[in-house]
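Please work through the exercises below with the sequence and the coordinates open beside you. Each task is followed by a solution that proceeds in steps.

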Amino acid sequence: MADWIKVMPADEIPSDDVLAVTIDGREFAIYGVEGETFATDVMCTHGDARLCDGFLIGHEIECPFHQGRFDVRSGQATFGPACEPIKTYGTKVKDGVLWLWPEADN
Ligand code: FES
């Protein structure tokens, strides 16, 4: 049964930026956008690219390979050539710690 997993101290959440974390052998991309935190898979669904190496533009992460974009809130592809959504994960901040729900929302 899934349970919330500890990610990092809340004061290490990126500010309008993205970073990758590895938890139990799985990689997640963690985004901080306007004080909110989001989590997705790291790998682009279009090719072999790590979204944590891309550019965060508002709530959209732009892939570093072909500049496809995804909304980090829903995982939906918002700009081609990306068309398949990325998986998103729940996050919460409690007692100064960022937690992640390891089962995808979508
Ligand atoms: S590999 Fe990400 S858009 Fe092509």
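The exercises that follow concern a predicted model, and they go from the whole chain to its sheets, its core and two exposed residues.

**Exercise 1. The chain as a whole**

Task: Determine how many helices and strands the chain has, and decide how its radius of gyration stands against that of a compact globule.

Solution. Step one is to list the secondary structure: the chain holds 0 helices and 11 strands, so that, read from the N terminus on, its elements run β-β-β-β-β-β-β-β-β-β-β.

Step two turns to the dimensions. The C-alpha trace spans about 40 × 30 × 20 Å along its principal axes. For 106 residues a compact globule would have a radius of gyration near 13 Å, and because the chain has 13 Å, the two agree.

Step three looks at burial and contacts: 29% of the 106 residues count as buried, and among the contacts with a separation of 6 or more, 37% are made by residues 24 or more positions apart.

**Exercise 2. The sheet of four strands**

Task: Establish the strand order of the open sheet of 4 strands, and then follow the pairing from strand to strand, naming a pair of opposite residues for each step.

Solution. The order is S2-S3-S4-S9, with antiparallel pairing; the edge strands are S2 and strand S9 (88-89), each of which pairs on one side only.

Step one takes S2 (17-23) and S3 (26-33), which pair in the antiparallel sense over 7 bridges. Within this pairing Thr 22 stands opposite Glu 27 in S3, and Val 18 stands opposite Tyr 31 in S3. The two strands form a hairpin with 2 residues between them, and in its turn Asp 24 has a positive phi of about 50°.

Step two takes S3 and S4, which are antiparallel and share 6 bridges; here Phe 28 has Asp 41 in S4 as its bridge partner. This hairpin, too, has 2 residues between its strands, and Glu 34 takes a positive phi near 50° in it.

Step three takes S4 and S9, which pair in the antiparallel sense over 2 bridges, with Thr 40 opposite Thr 88 in S9.

**Exercise 3. The sheet of three strands**

Task: Work out the order in which 3 strands form the other open sheet, and identify its edge strands.

Solution. The strands are arranged as S1-S11-S10, and their pairing is antiparallel. The edges are strand S1 (5-9) and strand S10 (91-94), since each pairs on one side only. From one strand to the next, the twist averages 30°.

The next step is to examine one pairing in detail: 4 bridges join S1 to strand S11 (residues 97-100), and these strands run antiparallel. Across this pairing, Lys 6 stands opposite Trp 99 in S11.

**Exercise 4. The largest nonpolar core**

Task: Find which residues touch the most other members of the largest nonpolar core, and which element gives the largest share of this core.

Solution. As background, nonpolar side chains in soluble globular proteins tend to be buried together. In this model the largest nonpolar core has 24 residues, of which Val 18, Ala 29, Tyr 31 and Leu 51 touch the most other members. The elements that give two or more residues to the core are S3, strand S4 (36-41) and S11, and the largest share, 5 residues, comes from S3.

A further step is to inspect the surroundings of Tyr 31: when neighbours within four places in sequence are left aside, Tyr 31 is in contact with Pro 14, Val 18, Thr 37, Phe 38, Leu 56, Ile 61 and Val 72. Val 18 is thus found in this contact list as well as opposite Tyr 31 in the pairing with S3.

**Exercise 5. Asp 24 and Lys 94**

Task: Decide whether Asp 24 counts as buried or exposed, and do likewise for Lys 94.

Solution. The cut-off needed here is that a residue is exposed if 12 or fewer other C-beta atoms lie within 10 Å of its own. Asp 24 lies in the loop between S2 and S3, and because Asp 24 has 6 C-beta neighbours inside 10 Å, this residue counts as exposed. The C-alpha atoms of Asp 24 and Ile 5 are separated by 9.5 Å, although the residues are 19 apart along the chain.

Lys 94 is found in strand S10, and with 10 C-beta neighbours inside 10 Å, Lys 94 therefore counts as exposed. Between the C-alpha atoms of Lys 94 and Ala 10, 84 residues apart along the chain, the separation is 8.4 Å.

Terms used. Residues are numbered from 1 along each chain as its sequence is written. This is a predicted model: local features need pLDDT of at least 70, side-chain atom pairs count only at pLDDT 80 or more; totals for chains, interfaces and linings use all residues. Two strands pair if DSSP finds at least two bridges between them. Axes are lines fitted to C-alpha atoms, for helices over the stretch in contact, and angles run from 0 to 180 degrees between N-to-C directions. A residue is buried if 20 or more other C-beta atoms lie within 10 Å of its own, exposed if 12 or fewer, and partly exposed in between; C-beta atoms are placed from the backbone. The radius of gyration is taken over C-alpha atoms; the globule rule is 2.2 Å times the number of residues to the power 0.38. Two residues are in contact if their C-beta atoms, placed from the backbone, lie within 7 Å. A nonpolar core is a set of buried Ala, Val, Leu, Ile, Met, Phe, Trp, Tyr and Cys residues joined through C-beta atoms within 7 Å.
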